[in-house]
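Student: I am new to this structure and would like a close look at a single part, the sheet. Could you take me through how the sheet is put together and what lies against it?

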Amino acid sequence: MQEKEHFSVPEAAEYMSTTERFVRRLIAERRIPFHRLGRLIRFKRADLDAFIEAGRVEAFDPNAVRQHLRRAS
């Protein structure tokens with residue numbers, strides 16, 4: 001079975017595990033790339049994946065944080 005390449009707003013919300021309202025806000029604020037086909041809005045899978053990846057927060061080493069705080073004081 002072929003993976004879907006383009007998503008509607010409801011499908012994008014489901015793919016990103018969020019609400020349609022949030023996706024529509026991203027559109028209104030131009031925070032995510034989209035394609036307009038007449039009145040329809042579509043998202044490419046790669047753009048959704050890039051948006052998700054851009055929000056990634058790396059884990060940190062608690063010991064390194066303690067050492068940094070000791071030096072700062």
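Tutor: Two strands are said to pair if DSSP finds at least two bridges between them, and strands (E, at least two residues) and helices (H or I, at least four residues) are DSSP runs, numbered from the N terminus. This is a predicted model, in which local features need pLDDT of at least 70 and side-chain atom pairs count only at pLDDT 80 or more, while totals for chains, interfaces and linings use all residues. Residues are numbered from 1 along each chain as its sequence is written, and side-chain values use heavy atoms, with hydrogens and water left out.

The sheet is open and has 3 strands in the order E1-E3-E2, with antiparallel pairing. Strand E1 (6–7) and strand E2 (35–37) are at the edges, and each has a single partner strand, so one side of each is left without a neighbour in the sheet. Strand E3 (residues 40–44) is joined to E2 by 3 bridges, and in these two strands leucine 37 stands opposite leucine 40, while histidine 35 has arginine 42 as its bridge partner. The hairpin of E2 and E3 has 2 residues between the strands, and there glycine 38 takes a positive phi near 70°. On the other pairing, 2 bridges join E1 to E3, and phenylalanine 7 has phenylalanine 43 of E3 as its bridge partner.

The side chains along E3 alternate: Ile41 and Phe43 point to one face and are buried, whereas Leu40, Arg42 and Lys44 point to the other and are not; here buried means under 20% relative accessible area, exposed over 50%, and partly exposed in between, with a 1.4 Å probe and protein chains only. Ile41 and Phe43 also belong to the largest nonpolar core, which has 13 residues, and they are among the members that touch the most others, as are Val9, Ala12, Val23, Ile27 and Leu48. Such a core is a set of buried Ala, Val, Leu, Ile, Met, Phe, Trp, Tyr and Cys residues joined through side-chain atoms within 4.5 Å. Helix H1 (9–15), helix H2 (20–28) and E3 are the elements that give two or more residues to this core. Alanine 12 touches Phe7, Val23, Phe43 and Leu48, leaving aside residues up to four places away in sequence, where contact means heavy atoms within 4.5 Å.
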